[in-house]
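Q: Hey, got a minute to walk through a structure with me? I'd like to get a feel for the fold before I set anything up.

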Amino acid sequence: MDGGFSPKDLLALQNLISPPKDDFDVEDDLPQADARKLGPGDIGVSDSPCQEYSGPHAPLQPAGDDIWHPSEANTRSVEDYDPRKVPEYEMVFKQAVTAEDVYLGMGFKTPGTASCEWLSVLVKLPEETREKVELSVESEAIDVHSPRYRLHLPTPHLVDPNASYAKWHNDTSTLEVTLKLTRELDNINF
């Protein structure tokens, strides 16, 4: 042999790389020309009417061009029914730092709010007295109300109502509520 390929060898190589298609050699795993491609949006969606759900597991159908069903939207709010004004307020995060944190950088604390242990809420209530102001602190919200003002404020993190305290400033008619934050990883970070 002189080292070259014969035409017979080239045909055998061509049949090996791309085998000839026979009419009777149809495989199910090959893509079909008329088959529709499926994507992530097709998961759980069935076009067959035999899989329709009824009862509590039936999907809710929105009315018209709505995004969700009216029963899924929480349209009732405390502020909607209360004619009192919402007072001005300010939320300030606070953290307790020591010399090791400030000068030596030995602790895990950062200047970010993730390292803060306290949340201070300053509520300005002009023309109110301390006796007329009522405060309620829950783990997820605070509620301040008086004859003129009403503030229902969800907190950005869970708070400990028993470790929190409030102070009234007579000169500015301001209520200062200091809330102890309770987060999942606080015992590791501090």
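What follows is a chat about the fold, the core and a few individual residues.

Q: Before we start, what kind of model is this?
A: It's a predicted model.

Q: OK. How many helices and strands does the protein have?
A: Four helices and seven strands. Going from the N terminus, the order is α-α-β-α-β-β-β-β-β-β-α.

Q: What share of the 190 residues is buried?
A: Buried residues come to 18% of the 190. The accessible surface is about 15400 Å², and carbon and sulfur atoms account for 55% of that surface.

Q: And what about contacts that span a long stretch of sequence, what fraction joins residues at least 24 apart?
A: 53%, counting contacts between residues at least 6 apart in sequence.

Q: Let's do sheets. In what order do the strands of the open sheet with β4 come?
A: The order is β3-β4-β5, three strands with antiparallel pairing. The edges are β3, residues 134-137, and β5, residues 150-154, each of which pairs on one side only. Neighbouring strands there are turned by 5 degrees against each other on average, ignoring direction.

Q: How many bridges link β3 and β4?
A: Four, with β4 covering residues 141-145. To pick out one pair, Ser136 has Asp143 in β4 as its bridge partner.

Q: Which side chain does the Asp143 side chain meet in a polar contact with Arg150's strand, β5?
A: That would be the side chain of Arg150 itself, at 2.9 Å. Arg150 is found in β5.

Q: Is Arg150 buried or exposed?
A: Buried: its relative accessible area is 15%, and the cut-off for buried is under 20%.

Q: Switching to β6 and β7. How do they pair?
A: They are antiparallel and share seven bridges. Lys167, for instance, is bridged to Glu176 in β7. The two strands make a hairpin with four residues between them.

Q: Which residue in that hairpin takes a positive phi?
A: Ser173, near 50 degrees. Ser173 sits in the loop between β6 and β7, and it counts as buried at 14% relative accessibility.

Q: Now the other loop, between β2 and β3. Which residue there should I look at for backbone angles?
A: Glu127, which lies in that loop. Its phi is positive, about 65 degrees, although Glu127 is not a glycine.

Q: Buried or exposed, that Glu127?
A: Exposed, because its relative accessibility is 61% and anything over 50% counts as exposed.

Q: Last topic, the core. How many residues are in the largest nonpolar core?
A: There are 16, and those with the most contacts inside it are Val121, Leu125, Val144, Leu175 and Leu179. The elements giving two or more residues are β2 (118-124), β4, β5, β6 (159-169) and β7 (174-181).

Q: Which element gives the most?
A: β7, with four residues.

Q: Why would nonpolar side chains collect like that?
A: As a general tendency in soluble globular proteins, nonpolar side chains are buried together.

Q: Take Leu125 from that list. What does Leu125 touch?
A: Leaving out residues up to four places away in sequence, Leu125 touches Pro87, Val133, Val144, Tyr149, Trp168, Ser173 and Leu175. Val144 and Leu175 from the core's most-connected set are in there, and so is Ser173, the residue with the positive phi from the β6 and β7 hairpin.

Note on methods. Residues numbered from 1 in each chain as written. Predicted model: local features only at pLDDT ≥ 70, side-chain atom pairs only at ≥ 80, totals over all residues. Heavy atoms only, no water. Pairing = 2+ DSSP bridges. Axes fitted to C-alpha atoms, helices over the stretch in contact; angles between N-to-C directions. Core = buried A, V, L, I, M, F, W, Y, C linked by side-chain atoms within 4.5 Å. Buried < 20%, exposed > 50% of the residue type's maximum accessible area, 1.4 Å probe, protein only. Contact = heavy atoms within 4.5 Å. Areas by Shrake-Rupley, 256 points an atom, 1.4 Å probe, with all protein chains shown as cover. Polar contact = N/O pair within 3.5 Å; in protein donor to acceptor, adjacent residues only side chain to side chain.
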